[in-house]
Structures are given as C-alpha cells and as structure tokens.
Amino acid sequence: MFTGTVVWASSGDEQHKSKGNPIDTKEEIDAYIRHHLQDSHDFIFYTDGETGTHYGFPLPVILWDGGIKTFMSSKFHHGESVAEVGGSYYKLYHGKVYKTDAEGTITLDDHDHPTNAKPLDFSITKSVVGMLFAGLLMLLLFSALARGYKKGPIPSGFARVLEPLVIYVRDEIARPNIGEKKYRKYMGFLLTVFFFIWILNLLGLTPLGFNVTGNIAVTVCLALFTFFIVQFSGNKEYWKHIFWMPGVPVPMKIILMPIEVLGMLTKPFSLLIRLFANITAGHFVVMSLIGLMILLKAQFGAVGSTGISLILTLFISVIEILVAFLQAFIFTMLSSLFIGMAVAEHDHH
Amino acid sequence: MDQLLNDFSPGLFFMQAIILLILILLMRKFAWKPILNSLQDREDGIQGALDAAAEAKKEMQNLQADNERILNEARAERDSMLKEAKELKENMITDAKVEAQAEADKIVAKAQATIASEKKAAIADLKNQVAGLSVEIAEKVVRKELSGKDKQLELVETMLEDVTLN
Amino acid sequence: MYNLIGAGLIVIGGGIGLGQIGGKAMEGIARQPEAAGKIQTAMIIIGALLEGLAFGALILGK
C-alpha cells in the first residue's frame, strides 16, 4: 500500500494537462480522480508533466461501426488527435470513443454530454485487461490446486491457502443458504464470482490503476448473471409467491403482485449498486486523501502534508482491503441467498 | 443516475459477459469440479476412516468381552474338573476303605472260623488223647492196682476228679 | 445543493439503521456468545441490504 500511495501521488502529474503545468488545483485533482475512475483505452503508468510524454503502452481498440474496425489506441494520441480508420474519424472524449468529422469536432448538449454518434466499443480496455488478468490468475491458481489433488489428498504450497477459501465459500456461503441437496449445481458460479470480484477488488488497490469492479457495466453484468440464474432456477413455489401470494386474501394478492415483481428486480439492482458504489467510493476516498498532499502543501509544508496524507491513506487503504473481501463475500452471499429463496421447498403453513 | 447511464459502456458490458461466461465454464471444468470432488472424496474418506475406527473399537470390545467369557468358561471348567477329581479321589478312598474293611472282616472271620475249627479239632484230639491216655492209665492202674478193692475205688475217684477238671 | 442535503439525510438514516443493527447484534452476541458466528453473518447481510438501499438512494438522487 505504501508504494501504491507514492506511485499514485507521483503519477498525479498526468493526463490532459498542458506541458509544464502540474495538477495542483482542486478542480484539476477532481478531474484527475474522475478520469481514473473511468475505463481507459491505454495503460499509462507515469506521465512526464514537463515534456508531456506518457509512459505506458497502448491497447487495441475494436469498434463496431458498420463493420469491425481494429487499431491500436496509440492512434488517438491520448485524446489529442483524431484517428482515421477506413474513411471514418474517431476521437476520444473523456475516455469514450465518438465518431467525428476529419477535424474532430465534438458538439456538446446542455448537460455537457457529446451528441456525436457512439460506435459500439468492444475494445480491449484497461478493465478488460484487468478481467483477463484476473481470469488467467484464477485459472492458473485453481487448476494448480485441482492438479495437486492428483498427487495426494492434502494440497501443498500455496494451494494450502486456496483450499480453505474454497471450503469457506462452500460451507459458509453456499451450503447454509441454498441447502444441502441443491448447492452443488451453483458452486461453479458462486466460486467463480467470489474469487473474480475479490481479485479484481484487490487489483484495484494496487498502483496499476485498475478500477474494474468500480465500473457500472461490470457490476451490471455480474448482477444480471445472478438475476438470470435465480429466475431460471426458480421453482413453482417461487413464482407462486411472486404472482399469487398464498395465504392472503385476493385483493391483497393483487396489491402484492407488483411489489413482488419490483422486489425481483430491485434485488440485482441493489447488488450492482452496492458493489459499484463501494469500490468507487473507496477509490475516490483513497485518491482524494492522496490529493490532500498537494492541497495542504501551502498550510503544512511539503513534509507535513505528505505525512498527513500518508497516514490517512494508509488507514483507509487497510479498510479498503477489508472492503475488497467484504464486497466479494456480500455479493456471493446475497446471490446464494436469492438462489436459495428461489429453490427452497416451502412447507405449507 | 444520468451520469451513471452515460458512464455505462455496452461494449465493456458485452466483453465482461463473454469473459465471465467463459471463465465460469473453464473454471468449472478445470478447477471447481475436480477440487470439489476431491474435497468430497477426502471428507468421505475421513468419515469412512472414523466409522471404521469406531467399528474396530466396537469389534475390539466385543472381542474383549468374548475373551473374558471364554476365560470365565475355562475357569469354571477347571473348577468343575478339580471338584470332580476331588470327588473321585474321595470316592476311591472310601471305596478302598470299605473294600479293605470287608476284606479284613472276611479274613478275620475266616481266621476265627479256622481258629474255631482248629480249636474244636484240638479239643477233639485232646479228648481222644485223654481218652486214650485214660484207657492206658486205666489199663496200667487196673493191672497194677486192682488188687484191693479200696485202692480201685480210690483210683477211680481221683481219676474222675481229674476228668471233670478238664 | 438540494442533492447534498438529500445525501446528508440518507447518510443520517443509514447511520441510524446501521447503528441499530450493530448495537442489537452486539447485545445478541453478549447474551449468547456461542451464536456469535450466526449473528455476525446475519448482521452483515442486513447491513449490506441497508447499504444497498442507501447507495441506491444516493445514486438515484445524484
């Protein structure tokens, strides 16, 4: 975490800004944080504010705009120039690709949102890289654990750390919520989602600058998976409780129906909002506290402001490590709770 | 909300859906299934071993009880055998005693009978001898002494006295 | 401006709710220490549900 704060702080002079003018006002820091929270098409570790050189590497851009168009994001020159591909012109504006004319004009509406056409963007963005990395890591670690069982019943080495986690998810999350008989079917989803979210959350705490689970599209996708699994595994009782609640008078049944349908939809909504908001808030707070180093320099001097910022950031970062686990746990827990509600055999009361 | 909808990237959503789907399938095939199966196997194995140990303990207890029972039986058998032998011995002793007594009685009876018959015979013999002697004496006396009547009578009388003494 | 007042109200409400959950959970654990694990899990789930509600309100209001 310590190195993380330092790298973040040192990469504070980054992006968008003109040469020789480091980010040092409140508005600039705010804009920088907002930029970090968004997905990006290239990987930048450090930008030299004096010369405006970015140190990092570009990522491939894949657009669907009447046909697949692929090119490297270096063509955008970090949003400074227009990329011309197959007769169409594209420009980056606040991390998003817009279709423009040859000059790269972007027209804004009243809310400062561009009115330009947006091509469908299937690029390998930073978040996609993060996801691929997490997926690969999981495959490597857990297939090693699986192979370890061929040698003997007790795993060795790092697999010893992983095995209790798998057992934890199985015994503390899946079994009590879904039930002894049916939990096995959902273990693949629950385990994958748990470790996927956890690894991505932790990846967000490294100085690499990932913010995958703080992306609304990612959490929407995760929550939709849970939503569809719950709906497809719902038994007759489940649907009966939604559309024709047993044991209450008919007028009540009619009133309860829309409420229950709404409840069906708010469950995944709260799942996606919770994960998104927690991670976004965590990143925001950590980066704001790092920003304090620059903002408080005038009042406390370089050493004082750095010290204050360091202690606060360290404290919040430790909490964020806990939150990283807690959010993965909560997501998996609630998913299995919803699945358990859908497959439960009700005793008739 | 507005801001969020604007931030929502359909492309990223699509990529995430594909990656997650593939990841779930791959992990299920290559990791979760073998891991969960191995865990299940191991837990079943442990349960089986525990059950087997409990079973063995029970068996052991049974065996011990069996041993105890056999030992008791053996002990009882030995006791009864000892008792029998003792009885046999006593019987034999009493039998022998009785037999010996009978034999002894028989011998004594025989001896008495013999003694009696011997005595009888002896007495008869003696009588015969006495009679013979008496006749001889009488002859001698009669020849010598039967000169006087008085002397004859005296003799008869003393002789008679002697005879009755026997 | 109104957004911020709303956010403040949400945080106050959520804080009271979380405090209630946490306090009652502590009482429960103090009364029955052997059920601490179950109470903790239930507490985290209810806390998460409340959190989802509060975040939902915050984001809808933004």
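**Exercise 1.** In this predicted model, find the partner with which A:R170 forms a salt bridge, and say how far apart the closest N and O atoms are.

*Solution.* Start at A:R170 and look across to chain B: the partner there is B:E43. Now check the gap. The closest N and O atoms of A:R170 and B:E43 are 2.7 Å apart. The cut-off for a salt bridge is 4 Å, so this pair counts. Next, zoom out to the whole interface of chain A and chain B, where the rule finds two salt bridges. The pair A:R170 and B:E43 is one of them. Finally, add the polar contacts: chain A and chain B have five residue pairs of that kind, with both residues at pLDDT 80 or more.

**Exercise 2.** Work out which elements of chain A give two or more residues to the side that touches chain B, and which element gives the most.

*Solution.* Walk along chain A. You'll meet one strand, β8 (120–121), and then the helices α3 (126–151), α4 (159–178), α5 (183–205), α6 (216–233) and α8. Of these, α3(A) gives the most, with twelve residues. Then sort this side of chain A by class: 33 residues are nonpolar, ten are polar and nine are charged.

**Exercise 3.** How much area do chain A and chain B bury between them, and how many residues does the contact take from each chain?

*Solution.* Take the residues to begin with: 52 come from chain A and 35 from chain B. Then the area. The size of an interface is often given as the accessible area lost when the parts come together. For chain A and chain B that comes to about 3800 Å². Carbon and sulfur atoms carry 73% of it.

**Exercise 4.** Now turn to chain C. Describe its contact with chain A, beginning with the residues and ending with the salt bridge.

*Solution.* Count the residues: 14 belong to chain A and eleven to chain C. The buried area here is about 1000 Å², with 81% of it from carbon and sulfur atoms. The rule finds one salt bridge across this interface. In it, the side chain of A:R274 meets that of C:E51, at 3.7 Å from N to O. Which elements of chain A each supply at least two residues here? They are α8 (250–295) and α9 (297–343). The biggest giver is α9(A), with seven residues. By class, this side of chain A holds nine nonpolar, three polar and two charged residues. One last count: chain A and chain C have two residue pairs in polar contact, both residues at pLDDT 80 or more.

Technical notes. Residues numbered from 1 in each chain as written. Chains lettered and ligands numbered in written order. Predicted model: local features only at pLDDT ≥ 70, side-chain atom pairs only at ≥ 80, totals over all residues. Heavy atoms only, no water. Contact = heavy atoms within 4.5 Å. Buried area = accessible area lost by both parts, 1.4 Å probe. Polar contact = N/O pair within 3.5 Å; in protein donor to acceptor, adjacent residues only side chain to side chain. Helix = DSSP H or I, 4+ residues; strand = E, 2+ residues; numbered from the N terminus. Nonpolar A, V, L, I, M, F, W, Y, C, P; charged D, E, K, R; others polar.
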